[in-house]
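Dear colleague,

I am passing on the structure below, together with some notes on what turned up when I went through it. Please read the notes with the coordinates open beside you.

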Amino acid sequence: MQIKHFNKGEVILKEGQVCRHFYFILQGCIRGFRMKDGREVNTNFYFEEDIASDFISFRDETPSKFYLVALEECIVYCGSKKEASPVFLNEPSLHAILFRFFQALYFKQMEHSNGFRLLDPEERYKYMLERNPQYLQRIPLSYLASYLGMSRETLSRIRKKRS
């Protein structure tokens with residue numbers, strides 16, 4: 001794996017490109033989003049010790065449906081499928097680590113998805129505050145509102161009400 005630096009605002013992956021790398025974040029934050037009806041819909045935020053990638057595009061070598069953009073200055077370990085696959089396939093001890101990683105990723109995605117099905121906007125905000133307080137410190141409100149599935153105005157109203 002190589003160390004790479006990304007400047008704030010730098011596009012790491014564009015929608016339509018095949019994702020050929022994964023990024024283990026040492027420092028910074030990467031934002032994942034997609035375009036829907038001409039607007040950005042934030043789907044993920046990746047912080048230190050997270051791995052950012054479009055794993056479906058990476059695995060299937062199909063065009064990505066997402067963008068990855070550095071939300072802050074980032075330092076990452078960058079790995080490619082070509083280099084990583086032989087290591088992961090030939091090292092049984094890594095299978096357990098990969099299983100736990102993808103299991104944790106799956107549960108994180110399910111929690112977020114269930115939040116949209118089961119919680120109203122105020123409850124989603126409260127849940128995020130309890131589980132991910134760093135989001136409020138590091139993510140602009142417009143991105144956060146999109147991630148929580150509400151308008152910026154609704155998020156501001158909820159924050160003001162809770163203050």
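**Cysteines**

C19 counts as buried, since its relative accessibility is 4%. Please bear in mind throughout that this is a predicted model. C78 is buried as well, with a relative accessible area of 7%. Where does the sulfur of C19 find its closest cysteine sulfur? That partner is in C78, at 9.3 Å, which is too far for a bond. Seen from the other side, the closest cysteine sulfur to that of C78 is the one in C19, again at 9.3 Å and too far for a bond. A disulfide would require the two sulfur atoms to lie within 2.5 Å, and by this rule the count of disulfides comes to zero.

**The four-stranded sheet**

Four strands form an open sheet in the order β1-β8-β3-β6, and their pairing is antiparallel. At its edges are β1 (2-6) and β6 (51-52), each of which pairs on one side only. Strands of a sheet are paired through backbone hydrogen bonds, in either a parallel or an antiparallel sense. Within this sheet, strand β3, which covers residues 21-27, and strand β8, which covers residues 74-80, are joined in the antiparallel sense over six bridges. If you would like a place from which to follow this pairing, F22 stands opposite G79 in β8.

**N42 and its surroundings**

Strand β5, made up of residues 39-46, contains N42. This residue is buried, with a relative accessible area of 4%, and the side chain of N42 is joined to that of R31 by a polar contact of 2.8 Å. Leaving aside residues up to four places away in sequence, N42 touches R31, G32 and F33, and also Y143, S146 and Y147.

**R124, a buried arginine**

Which side chain of opposite charge is nearest to R124? It is that of D120, but the distance is 6.7 Å, and R124, although buried, has no salt bridge; the cut-off for such a bridge is 4 Å. R124 is placed in helix α4, which spans residues 121-131. A polar atom of the R124 side chain does, however, lie 2.9 Å from the backbone oxygen of L119.

To return to the two charged residues discussed above, you may wish to view them one after the other: R31, whose side chain makes the polar contact with that of N42, and R124, whose side chain has a polar atom 2.9 Å from the backbone oxygen of L119.

With best regards

Key:
Residues numbered from 1 in each chain as written. Predicted model: local features only at pLDDT ≥ 70, side-chain atom pairs only at ≥ 80, totals over all residues. Heavy atoms only, no water. Helix = DSSP H or I, 4+ residues; strand = E, 2+ residues; numbered from the N terminus. Buried < 20%, exposed > 50% of the residue type's maximum accessible area, 1.4 Å probe, protein only. Polar contact = N/O pair within 3.5 Å; in protein donor to acceptor, adjacent residues only side chain to side chain. Contact = heavy atoms within 4.5 Å. Lys, Arg positive; Asp, Glu negative; His and termini not counted. Pairing = 2+ DSSP bridges.
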